[in-house]
Amino acid sequence: MKQRDIKRLSLILLFAPFALWIVLLIVLPHLGMFYISLREKVAPRTYEFGLENYINFFAEPIYWNTLIRTGSMSLLVTVLALLLGFPIAYYIAKIAGQRSRGALFLMCLIPLWVSDLIRAFGWILLLRETGIISSSLQWAGLVNTPIEFLYNDATVIMGLVYTVILFMIVPLVSTLDGMDDSMIEAGYNLGGNGPTVLRRIIIPYAMPGIVSGCIVVFMLTAGSYLTPILLGGKNSSWFTEQIYDQFITRYNWESGAAFGFLLLAFTSLVVWGGLKLSGQTLNSTVARS
Amino acid sequence: MIMKLAIAGLLATTVMAAVPAQAETLRLLTWGSYAPEELVKKFEAKYPDITVEVTFSNNEEMIAKLRATGGAGFDLAQPSHDRIFAVQQEYNIYKPLDLSKIDTSGMEAKLLDGVKANTTIDGEVYAVPHQWGTSGLMANKTMAPDVKAWGDLCDPQYKGKTSMRLRRTILLGMAFDMGEDPFAAYADLDKYQEILDKVADKLIACKDNLKAYWKGGDDLSAMMMSGEIVASETWDSTAYKLYAENKDIVFVPPKTGALAWIDTFAMPRKGEADDAAYKWINFVLEPENVKIMSASTGSMAAVKGAKDLLPDDKKAAVNAAFTDEDISNLQFFANIPAGVEDMEGKTLEKIKAATGSE
């Protein structure tokens with residue numbers, strides 16, 4: 001009897017901070033936002049309930065085009081981060097020696113010590129027309145006129161990959177770390193070559209890490225604000241910018257809130273679709289890695 | 001610096017909450033350079049029982065902050081004169097001023113009357129002027145000597161070497177440039193939409209000519225100083241700062257008139273330290289304090305003889321930019337009626353999303 005009480009009490013105590021966090025900082029604000037998103041402004045200080053804000057989104061091609069653009073660029077960033085991150089993670093987990101492993105991991109972490117804003121300004125200094133890369137190319141005689149690397153979509157994607165790649169590497173390293181080297185050896189002993197071993201043994205084993213890394217990276221990218229704004233050019237709209245504009249410059253909290261929910265729904269849908277396509281579930285991936 | 005202020009503010013509020021202190025706190029919500037440290041110290045020395053907390057912001061964020069709390073959390077705000085009338089009607093975030101507590105005798109009569117006319121609701125005045133300045137063009141004289149009008153930013157001879165901020169200022173400037181009067185059209189929103197559509201077409205065609213849209217004074221300055229662009233839409237204060245470093249970069253009032261804004265003093269509806277706020281208003285309008293303020297903001301105060309109270313380098317920059325004729329040609333931003341922000345916002349989105357003529 002007493003034992004059970006203690007168990008229950010410790011469960012409540014351990015769970016309380018998390019429950020408070022979720023309810024106060026996630027659930028309540030979202031309920032408030034959802035309420036705002038359902039209000040239609042009919043006249044100053046008068047509101048009605050309805051789906052007008054959501055209908056507006058679908059009626060205006062600019063909005064959903066931007067959302068689709070944001071989504072597809074985020075997917076591209078996720079794929080690039082995976083392609084670049086996998087070899088790095090594999091090297092850290094399997095090839096590097098015990099001592100250099102810590103140092104390598106730390107080196108991957110270093111960019112995170114600097115804020116998003118400073119990192120974006122760093123890219124600006126490097127890439128601008130009168131920036132370091134352009135002037136070194138000229139100095140080396142490779143080009144004769146200054147080149148503008150900034151203000152285009154390729155720069156945005158590169159900046160985003162740089163920012164989020166760490167979130168791909170960490171789960172990959174921890175999954176690959178748990179893999180027994182003898183499995184790879186066995187693969188080779190049974191006559192497999194490099195690509196076969198990679199395809200049939202390593203990737204299936206690393207799948208939980210790959211999926212959870214992809215989910216985190218995709219969510220972070222689709223919700224990022226500073227990097228696309230600062231590095232992007234004349235045509236590069238990002239959906240978070242639209243949300244900011246609705247809230248701040250147009251005083252239109254109602255449609256800003258609706259946009260926020262649409263972004264949430266869209267990213268959740270993409271993640272769900274990705275899981276279905278790859279035949280994974282949240283239980284078999286995120287919960288395990 | 002902002003961090004320090006924020007921490008100081010945080011500490012101050014915690015202390016305030018813990019002990020019902022004697023001292024009063026004046027919570028200012030204002031623009032980046034509108035509360036120079038020197039002036040805050042001087043004010044606190046003159047009124048030892050008042051502590052000043054400063055939050056830096058801009059027009060839109062000021063209104064968003066006040067709207068979130070229904071006008072609580074700050075005792076004095078400084079929105080521009082065109083951001084009071086409709087905002088007050090819609091969100092009720094300001095309270096009327098008691099003009100008897102403000103020394104208006106030193107204020108430039110034209111600006112004072114203008115602001116009063118713009119911000120009177122039901123016979124009550126909601127704002128008085130503080131700093132004013134203009135939006136117009138900036139050009140490097142040696143490389144773009146012919147930039148005289150808003151439309152010159154789209155001149156193909158400067159292809160890839162001009163910039164603008166994708167905000168309402170450029171919409172209005174272009175409308176004037178095309179021979180329209182957008183402010184007059186505020187009364188007839190269908191007409192205004194027509195003008196906006198025309199302006200959008202022009203700015204979409206112009207996109208190809210621009211290097212990038214600038215987002216703040218810093219990236220604009222960097223592009224201009226490095227010579228990556230030769231002409232741009234700008235705030236006058238940014239142009240004056242660059243003039244101090246490079247005499248070739250001057251502010252150019254467009255021939256249809258520079259667009260003039262007036263930043264005001266307005267009181268949030270649930271502000272608690274009204275007396276301290278009135279003291280601050282009167283304090284910063286004293287001539288010797290105007291000097292310190294103008295050195296920090298780079299703009300002119302709304303007091304008589306404001307130009308003479310500017311620091312020498314700024315005065316030179318103003319003289320290089322404005323003739324008396326330009327001053328009389330100024331177009332003051334008109335009150336933004338409800339609904340216009342939405343129309344302008346949609347137009348700006350349309351321009352941003354268009355892929356230019358490529």
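When H9(A) passes H12(A), is the crossing left-handed or right-handed? Let's go and look, keeping in mind that this is a predicted model.

**Stop 1: two helices in chain A**

Select residues 194-222 of chain A, which form helix H9, and then residues 253-278, which form helix H12. Their axes lie 11 Å apart, and the two helices pack at an angle of about 160 degrees. Angles over 145 degrees count as roughly antiparallel, so that is the label for H9(A) and H12(A). As for the opening question, the crossing is right-handed.

Now show the side chains where the helices touch. On H9(A), pick Val211(A), Cys214(A), Ile215(A), Phe218(A), Met219(A) and Ala222(A). On H12(A), pick Leu263(A), Thr267(A), Val270(A), Val271(A), Gly274(A) and Ser278(A). Try colouring them by type: you should get 9 nonpolar residues, 3 polar ones and no charged ones.

**Stop 2: a covered strand in chain B**

Hop over to chain B and select residues 231-235, which is strand E10. This strand is mostly covered, with 5 of its 5 residues buried. Turn E10(B) around to check each face: Ala231(B), Glu233(B) and Trp235(B) sit on one side, Ser232(B) and Thr234(B) on the other, and all are buried.

**Stop 3: the strands paired with E10(B)**

Which strands are joined to E10(B) by bridges? Add residues 128-140 of chain B, strand E7, which runs antiparallel to E10(B) and is joined to it by 5 bridges. To see one pairing, find Leu137(B), whose bridge partner is Glu233(B).

Next, add strand E8, residues 162-164 of chain B: here there are 2 bridges to E10(B), and the strands run parallel. Look for Ser163(B) standing opposite Ser232(B).

Terms used: Residues are numbered from 1 along each chain as its sequence is written. Chains are lettered from A and ligands numbered from 1 in the order in which they are written. This is a predicted model: local features need pLDDT of at least 70, side-chain atom pairs count only at pLDDT 80 or more; totals for chains, interfaces and linings use all residues. A residue is buried if 20 or more other C-beta atoms lie within 10 Å of its own, exposed if 12 or fewer, and partly exposed in between; C-beta atoms are placed from the backbone. Helices (H or I, at least four residues) and strands (E, at least two) are DSSP runs, numbered from the N terminus. Two strands pair if DSSP finds at least two bridges between them. Axes are lines fitted to C-alpha atoms, for helices over the stretch in contact, and angles run from 0 to 180 degrees between N-to-C directions. Angles under 35 degrees count as roughly parallel, over 145 as roughly antiparallel, 65 to 115 as roughly perpendicular and the rest as oblique. A crossing is left-handed if the near helix is turned anticlockwise from the far one by less than a right angle, and right-handed if clockwise. Two residues are in contact if their C-beta atoms, placed from the backbone, lie within 7 Å. Ala, Val, Leu, Ile, Met, Phe, Trp, Tyr, Cys and Pro count as nonpolar, Asp, Glu, Lys and Arg as charged, and the others, Gly among them, as polar.
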